[in-house]
Amino acid sequence: MSTPEATETTAGVEATIDRVLDETTTWAVVGLSTNTERAAYGVAGVLQRAGKRIVPVHPSAETVHGEQGYASLADIPFPVDVVDVFVRSELAGAVADEAIAIGAKAVWFQLGVIDEEAAARVLAAGLDMVMDRCPAIELGRR
């Protein structure tokens with residue numbers, strides 16, 4: 001049985017997820033490459049089919065799913081709504097800081113990507129934060 005606090009927390013997380021999915025268009029997918037075996041590739045395809053513009057962010061700056069890639073978030077010459085993070089947890093904090101610096105509206109850490117301190121910085125900067133979740137799963141839930 002859940003406590004009222006846990007229910008509110010769960011409800012808050014779900015509300016944030018719904019807001020990010022409903023109110024955003026441009027998703028920078030950090031770690032996205034042409035490697036079709038990687039989770040980022042499949043999730044980016046799901047996001048695209050859901051009407052999101054995906055922006056690959058990878059050091060090789062490859063074009064993926066027909067979208068021009070960029071080597072870093074700072075290299076993207078237009079506004080980004082969400083920074084979707086497909087890197088190891090120990091690297092996620094730096095990506096979160098870059099997301100804040102470029103003025104993103106939200107940061108989404110994928111399943112298994114956990115950095116509580118980075119999440120606190122994102123929230124303190126006024127951005128939405130989703131951690132240890134997958135937007136493809138959440139879209140399917142709806």
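Which residue with a positive phi follows α4? The residue is G126, with a phi near 90°. This is a predicted model, in which local features need pLDDT of at least 70, side-chain atom pairs count only at pLDDT 80 or more, and totals for chains, interfaces and linings use all residues. Residues are numbered from 1 along each chain as its sequence is written, and side-chain values use heavy atoms, with hydrogens and water left out.

**Helix α4**

Helices (H or I, at least four residues) and strands (E, at least two) are DSSP runs, numbered from the N terminus. Helix α4 covers residues 116–124, and its buried residues are A118, A119 and V122. Buried means under 20% relative accessible area, exposed over 50%, and partly exposed in between, with a 1.4 Å probe and protein chains only. Because the buried residues cover an arc of only 100° around the axis, they are on the same side of α4; the arc is that of the directions from the helix axis to the C-beta atoms. E116, E117, L123 and A124 are exposed on the other side of α4.

The buried residues of α4 pack against α3 (89–102), β4 (106–109) and β5 (128–130), where contact means heavy atoms within 4.5 Å. At the N-terminal end, α4 is capped by D115, which has a side-chain oxygen 3.2 Å from the backbone nitrogen of E117.

**Strands and cores**

Strands β1 and β2 run parallel and are joined by 5 bridges; two strands pair if DSSP finds at least two bridges between them. V30 stands opposite V57 in β2. The chain passes from β1 through α2 to β2 in a right-handed β-α-β crossover. Of the 5 residues of β2, 4 are buried.

In soluble globular proteins, nonpolar side chains tend to be buried together. A nonpolar core is a set of buried Ala, Val, Leu, Ile, Met, Phe, Trp, Tyr and Cys residues joined through side-chain atoms within 4.5 Å. The largest such core has 24 residues, of which L73, I76, V83, V85, V107 and F109 touch the most other members. Two or more residues each come from β1, β2, β3, α3, β4 and α4, and α3 gives the most, with 4 residues. Neighbours within four places in sequence aside, I76 is in contact with A28, V55, V57 and Y70. A second, separate core has 18 residues, including I17, L21, V43 and V130.

**Single residues**

T16 lies in helix α1 (residues 4–22) and counts as buried because its relative accessibility is 14%. Not counting residues up to four places away in sequence, T16 touches D128, M129 and V130.

E37 is placed in the loop between β1 (26–30) and α2 (39–49). At 71% relative accessibility, E37 counts as exposed. The C-alpha atoms of E37 and K105 are separated by 29 Å, and these residues are 68 residues apart along the chain.

Most residues other than glycine have a negative phi. Two residues with a positive phi that are not glycine are listed below.

| Residue | Phi | Loop | Relative accessibility |
|---|---|---|---|
| A61 | about 50° | between β2 (53–57) and β3 (82–85) | 27%, partly exposed |
| D132 | about 60° | between β5 and α5 (135–141) | 32%, partly exposed |

Technical notes. A polar contact is a pair of N or O atoms within 3.5 Å; within protein, one must be able to donate a hydrogen and the other to accept it, and residues adjacent in sequence count only if both atoms are side-chain atoms. A crossover is right-handed if, with the strands pointing away from the viewer, the path from the first strand over the helix to the second runs clockwise.
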